[in-house]
Structure formats: C-alpha cells, structure tokens
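Biologist: Before we discuss this fold, I would like each term set against its definition. Could you show me the model?

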Amino acid sequence: MTSKDLPKIIYANVRSNLKVLGSILLNKQIQWEGDLEDVRGKRVLLLVHGVKNTEAQIKTAYKQLGNRSTACFDVVVGFIWPAGSTPLGWPIVSTIALLSDRTSDKLEEVIDEIYKHEPESITINAHSLGCPIAIKAINRPIEALWLLSPAMTRYIGRYKNHFQYLKYPVQICYSKLDSALALYMAWPPFLPALGMFGEGGRTKHGVSHDFTKEIGTNHTGYRHSSKLYQLMFDLYKRIIT
C-alpha cells in the first residue's frame, strides 16, 4: 500500500451536553467542526461509530481509521451521534436511536450536506450499532459501504432499497468469536448476528470477510487490523482502474 499526507478530518456532531436521552428526543442541529469546502472534488470517508463511547474515544478512533486510510481517501467526515457512554445510558439510548430512526435521519442530512459541496465520491465505514443506522441513511449514490462487526441480523435483504445506491456490494467484516455480539445479540431479532456469521440467505447483497483469526473476541479490533486496510485498498485499486 502507498501513502500520502494524512487526510483532513471534519466532524458532524449531533451529540448533546444534555442527557443522552434528550439528545435523541430533541431535534438537535448538526454542529460542524471543520470546513466542508475541503470535500470538494475529494474522495470522502464517512465514519459512523457504535455505542458505549465518549466523544474523546470516538475522535481517537476516527483519527486512527483516517490516518491508516490515506492511500484511499483525502478527507474523513466523522459522524458523532448520542450513543451513550455509561452502562445504564448506552443500552437505553441505542435502543431509542434505532427504533426511532432519528439518528439515521440526521446521518442522511450529513450526507446531503456533503453532496452539496460536490465530492468526487463518498465511502461509508460503520461499526456495530452504527451499521443499521448507516444503511438506513443511504438514499444517494455511495461508492462503497463497509460494515465492521455489524450488530444486526445477518438477513439483510430488507435493506435492498438502500443497497441499490451502492456502486459496489456491501463489504461485511465479521468474527465468529466477537464477545460483545455473543452477549448482546444472542436473541431475536438479531440472532444470528451479521457481525458473527456474515450474510445469510440465498440472495447475497454483499461480500463477507472473516476476521476471526485477526481479531478473535475483540469487538473493536478492526481498526487495528492491517487486513481491513488492505481490503479497502484492494477495492480502491479496482475503482481507479
């Protein structure tokens, strides 16, 4: 893999200083940190985190992902949503966020704003419970969608109306030993989890990549795995040739 200057990072923040529940129930405006003019004519990587993270932890993870994706992307846009950072807060807030679709609506607004500034392309990289949020926000052309440890059912045909906007099939990264999914996704409607077994069903909408050997039980280990960035680079080479 080749490299270049580290990509610029722009944050789209809908997290609130209020209680996490209020962040979702109130229609909080998107707070932009950075200049969206930087995406004009550029290849954009849009990141969507999962739950149980502080804002500082989210920004650290986004910088790690962005800095190791320099061969493929020019600008990183990090979406920060109210996902909860305490043992009590995150299960409540994530459930409400997913059931209400409000977070997906906000992410769709972010994508619309990026499009107004005419990027060359947008690729989305989502993790855990951020994966179904990202999928439901896709209503415009997206170059590629990467799902890391997706906390959702492996039968994803219900989202085919969103997948039609993808230039390339969904890229699904899973580990059969993922301890977080084994604990929290072990009941319907999630079981069997996409992030533990890859896509199920006869009709396939994506390509499943087995990371069991690389990350084992580590639910957040993808961003540290060289295999992920190699896969992203391999797809990038297909796109530009």
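**Cavity lining and sheet**

Modeller: The lining of the second largest cavity divides into 8 nonpolar, 1 polar and 2 charged residues. This is a predicted model, in which local features need pLDDT of at least 70 and side-chain atom pairs count only at pLDDT 80 or more, while totals for chains, interfaces and linings use all residues. Residues are numbered from 1 along each chain as its sequence is written, and side-chain values use heavy atoms, with hydrogens and water left out.

Biologist: What makes a residue of this lining nonpolar, polar or charged?

Modeller: Ala, Val, Leu, Ile, Met, Phe, Trp, Tyr, Cys and Pro count as nonpolar, Asp, Glu, Lys and Arg as charged, and the others, Gly among them, as polar. The lining includes Arg43 and Glu143, so these two count as charged.

Biologist: Why is this space called a cavity?

Modeller: On a 1 Å grid over the protein atoms alone, a cavity is a set of points where a 1.4 Å probe fits but cannot get out, and lining residues have an atom within 4 Å of a point. About 60 Å³ of space lies in the second largest cavity, and α10 gives the most to its lining, with 4 residues.

Biologist: How do you know that strand β1 pairs with strand β4?

Modeller: Two strands pair if DSSP finds at least two bridges between them, strands being DSSP runs of E with at least two residues and helices runs of H or I with at least four. Strands β1 (residues 8-13) and β4 (residues 75-80) run parallel and are joined by 6 bridges, so they meet the criterion for pairing.

How values were computed. 1 Å grid on protein atoms, 1.4 Å probe; cavity = no way out; pocket = protein on both sides within 12 Å on 5 of 7 lines; lining within 4 Å. Points joined across faces, edges and corners; volume = space filled by probe spheres on them.
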